[in-house]
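Hi there,

Here is the structure I promised to pass on. Please have a look at it first, and then read my notes below.

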Amino acid sequence: MLETVNPATGEVLAVFPERGRREVDAAVAAAREAAAWWEGLGWSGRRIRLLAWKSHLVRYMERLAQLVHAETGKPLDDAKLEIILAALRIDWAARNARRVLRPRRMPSGLITIHLACSVEYHPLGVVGVIGPWNYPVSTPVGSIGYALAAGNAVVFKPSELTPATGEWLARSFREALAVFGQPMPVLQAVTGGAATGDALVRSGVDKISFTGSADTARKVLTAAAGNLTPVIAECGGKDAMLVAADADLDAAADAAAWGAMTNAGQACVGIERVYVANTVYHSFLEKLTQRVADLRPGSDSQARYGPMTAPEQAEIVAKHVADALARGGRAAAGGTDAVTPPYIRPVVLADVPEDSAAVSEETFGPTVTVTPVASLAQAVALANRSRYGLGSAVFARDRSAAMTAARSLRTGMTSINSVLGFALVPSLPFGGVAESGFGRVHGRDGLREFSTPKAITRQRMRPLLNLFSFGRTPRDMRRIVTLVTLLHGRLHRPRSTGRRRGAHGGRRG
Ligand code: NAD
């Protein structure tokens, strides 16, 4: 059995079963039947049901937020914010699935003009979603909502730290759909820890959408290899914020404070490093330390963020802070004494060497490093040294410099003059590169991740050339070679530049 505990008080909230291999397989078998029913409902049948689920979440927001608050310790308003994000994601997926995935004609080209071509996106069948605890509603719903909208059934394994929230989500789906008649088990939750997750990966589902640490992702990929089950991996990050000399420093400091400390820093796209132009480094640091000075963790209604949800994370945070200080960094706010589990007060570390753990590893706590740089280009180079590549942020007034820096950052997502902006928009693909994972959730790319493209060609007239037949003649072959040489055999020379023309005395003739 699995106990879910309030991390602020240590109180046991409820007990859930640890589902074993047999129970997970049974859930997947039931989901397979449900998937056929769900696909048969068509775009509009699924859309109306998903929108009903969305309104259910919004109407019962208070109740769900209380549960998330109790299980994770995050402030009630932060819990509400993630429920709102989840509702926006379901809404977008439900309303756009048909437009993105419906059959569409494709041009066939001159040589294959006899073929009418189309592509359409079919559901995969059953998708296994494995979720984390830090955003136990908005993160899994970012996969569940899009997978359901694409026509799949889902078996969801919530984190062992948030099983009550996971069960609530699956039950709310059933309740919301009850007005349409008895629903099939299109969304089920299977509670448990690593073994339950492993059973889901090995169950023969058609895809796994995994969110968690890179180390667990490696285990998931190994287990998935047995059945060649495809995997989306949404892993951790070490997101950097770049602050240019011309940036609005108040806005940048405000965003850095929130980006680093929200949810006690337990955010995959939380800001963990800031690189600031030399000329504004000291004023930025002062503004940032002023902003975090009033942030108090706790579980009361005035607290700005909650406890560390996973008790062992506090030890990692303490280790990173101690290592940074031992290597010559200095604490502009907080310090080793800020770590008083289950709470950690804000820690701002300045002048920390780039090879220390606080700069190179995911800390996942309310800490941030601030480092001066000579230019935006140097900031980009340092930011890109990370083995992670999830999100990033750039603060600069010069729009073109900001865009250049954003494009050069080797991350899946970048916000300019805001933090985490990309996570608010349900139409934008969400995901990372390198050790932050692969595959995308949200947006069109997210819908397509949970579909398989189906190409169809229909011969609409006799082919000009009989190519795909043993009846092909030497004449057919000569004609295709001639045609291809005419169409594709031309040598494409680079266009001559104005300067070269000048050197040859200008345009001829
Ligand atoms: P975790 O890797 O410990 O666990 C994630 C999930 O995997 C849990 O449900 C867990 O029970 C399950 N699991 C553990 N071992 C497994 C196994 N062998 N096979 C299958 N499933 C297994 O991560 P966590 O502590 O829950 O979450 C924190 C991590 O998640 C951080 O690194 C954070 O950055 C990352 N995260 C990423 C995103 C994103 O979208 N990129 C979002 C939230 C969190």
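**What I found**

The protein's secondary structure is made up of 18 helices and 22 strands. Please keep in mind that this is a predicted model.

Starting with the overall picture, the C-alpha trace spans about 85 × 75 × 40 Å along its principal axes. The protein has 509 residues, and 52% of them count as buried. Among contacts with a separation of 6 or more, 72% join residues that are 24 or more positions apart.

Now to the inside. In soluble globular proteins, nonpolar side chains tend to be buried together. Here, the largest nonpolar core has 138 residues. Helix H4 (residues 76-101) provides the largest share of this core, with 10 residues. Because both domain 1 (2-234) and domain 2 (239-426) give residues to this core, the core lies between them.

Which residues have the most contacts inside the core? They are Trp-53, Met-241, Leu-242, Val-274, Phe-284 and Leu-288. You may like to zoom in on Val-274: leaving aside its neighbours within four places in sequence, Val-274 is in contact with Met-241, Val-243, Ala-256, Phe-284, Val-368, Thr-369, Val-370 and Thr-371.

Turning to the outside, the accessible surface comes to about 23500 Å², and carbon and sulfur atoms account for 53% of that surface.

Last, the charges: the protein has 61 positive and 44 negative ones, and their mean positions are 17 Å apart.

Best wishes

Terms used. Residues numbered from 1 in each chain as written. Predicted model: local features only at pLDDT ≥ 70, side-chain atom pairs only at ≥ 80, totals over all residues. Heavy atoms only, no water. Core = buried A, V, L, I, M, F, W, Y, C linked by side-chain atoms within 4.5 Å. Buried < 20%, exposed > 50% of the residue type's maximum accessible area, 1.4 Å probe, protein only. Helix = DSSP H or I, 4+ residues; strand = E, 2+ residues; numbered from the N terminus. Domains from an automatic or database assignment. Contact = heavy atoms within 4.5 Å. Areas by Shrake-Rupley, 256 points an atom, 1.4 Å probe, with all protein chains shown as cover. Lys, Arg positive; Asp, Glu negative; His and termini not counted. Charge placed at Lys NZ, Arg CZ, Asp CG, Glu CD.
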